Amino acid sequence: MSSKNAPVVVGYDGSQASTAALRWATAEAVREHAPLHIVEIFELEIVSRPSPGKVVPLAALRTARERGLEALADGIRLQHPRLDVQTSLLEGSPAASLIEETAQARIVVLGSRGLGGFSGAVLGSVAVQVSAHAHSPVVIVPADTQPTLHTTPTVVLGLDGSKVSARATDFAFEQAEEIGARLVVVHAWHSPFSTYENGKGELVFDEAKVQKAAEVLVAEALAGSLADHPDTEVDVRLIPGRPARAVLQAAEGADLLVVGSRGRGGFTGLLLGSTSQHVLHHAPCPVAIIR
């Protein structure tokens, strides 16, 4: 995160998913006593075919969008008088503009799919591109996100022992502490298991050794965070099987799912690993992608 004064940035386009993202971002800004920055992208499309009807001047269209954004901000200020709410109407590519915003953001929040997406797509291209290239944590909020009914909030962390996973662990503990949530830590593996000891991958076929190696990996990965957050309730789950499936099952009914952008064993050229991509497309709750 950039600094204590860095804003919570939310991409907004009027879609159902971006409205859900705005609710999540507002709550996060209030919790962290951080400014809320609502960003809408004004993308000009050139149409070669003739269009019947009245042509609205570009300046008038931009003014209308700016007024709409300010009205939206005024509604939030009315509900949260102490919250610093800023708005920006930017021109250009939505993904590129939002990626640029992540350089100064504490966190960037996006809806899973905006108005420009294909109706059959679960996740929009903007959300994927921003998650893959962001300079800050990115939270993707599904359109149908509803408040959970349980009394104790739940944050789920997918952990694999990688450097990115370490950053995801820090973020997950911080979020759990902020909202008073219990933290469910999920570590899953394929059999045979690769230990990656001494910088080299060694395949282990013995199930008892696999289990022991997983226990050691998780204990080492969590040691520092457990010391820093002694009051956080932590539930560790070691699950043989596909990591994406294990994490998604644990996330049913959760308030937030946290994963690293790319874990161990992935191709170095990929900015998003297969597990994080699968999770993004199928998560039942908001997902935080940490790079």
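User: Let's start with Ile38 in this predicted model. Which residues does Ile38 touch, not counting those up to four places away in sequence?

Analyst: This model is predicted, so keep that in mind as we go. Leaving out anything up to four places away in sequence, you find polar names such as Gln86, Thr87 and Ser88 beside Ile38. The full set of contacts is Val10, Tyr12, Leu22, Leu69, Leu72, Ala73, Ile76, Val85, Gln86, Thr87 and Ser88.

User: Which residues touch the most other members of the largest nonpolar core?

Analyst: That core has 41 residues, and Ile38 is in the group you're after. The ones touching the most other members are Leu36, Ile38, Val109 and Val258.

User: And which helix gives the most to this core?

Analyst: Look at residues 16-32, which make up one helix. That stretch supplies six residues to the core, the most of any contributor, and its name is helix H1.

User: How many residues are in the second core?

Analyst: The second core is separate from the one we just discussed. Among its members are Val9, Val108, Ala134 and Ala244. Its residue count is 32.

User: On to charges. How far apart are the closest N and O atoms of Arg31 and Glu28?

Analyst: Both residues sit in helix H1, three residues apart, or about one turn of the helix. Glu28 is buried, at 0% relative accessible area, while Arg31 is partly exposed at 31%. The two form a salt bridge, and their closest N and O atoms are 2.5 Å apart.

User: Glu32 and Arg106 also pair up in a salt bridge. How many residues apart in sequence are the parts this pair ties together?

Analyst: Their side chains meet at 2.6 Å, N to O, and both residues are buried. Glu32 belongs to helix H1, whereas Arg106 is in the loop between helix H3 (94-102) and strand E4 (107-111). So the pair links parts whose separation in sequence is 74 residues.

User: Is Asp235, which pairs with Arg182, buried or partly exposed?

Analyst: Asp235 in strand E10 meets Arg182 in strand E7, so the pair ties together parts 53 residues apart in sequence. The N to O distance in this salt bridge is 3.7 Å. Buried means under 20% relative accessible area. Asp235 is at 27%, so it counts as partly exposed.

User: Which residues are joined into one network by salt bridges that share partners?

Analyst: The structure holds nine salt bridges. Some of them share partners, and the network they make joins Arg62, Glu66 and Glu91.

Note on methods. Residues are numbered from 1 along each chain as its sequence is written. This is a predicted model: local features need pLDDT of at least 70, side-chain atom pairs count only at pLDDT 80 or more; totals for chains, interfaces and linings use all residues. Side-chain values use heavy atoms; hydrogens and water are left out. A nonpolar core is a set of buried Ala, Val, Leu, Ile, Met, Phe, Trp, Tyr and Cys residues joined through side-chain atoms within 4.5 Å. Buried means under 20% relative accessible area, exposed over 50%, partly exposed in between (1.4 Å probe, protein chains only). Helices (H or I, at least four residues) and strands (E, at least two) are DSSP runs, numbered from the N terminus. Contact means heavy atoms within 4.5 Å. A salt bridge is a side-chain nitrogen of Lys or Arg within 4 Å of a carboxyl oxygen of Asp or Glu.
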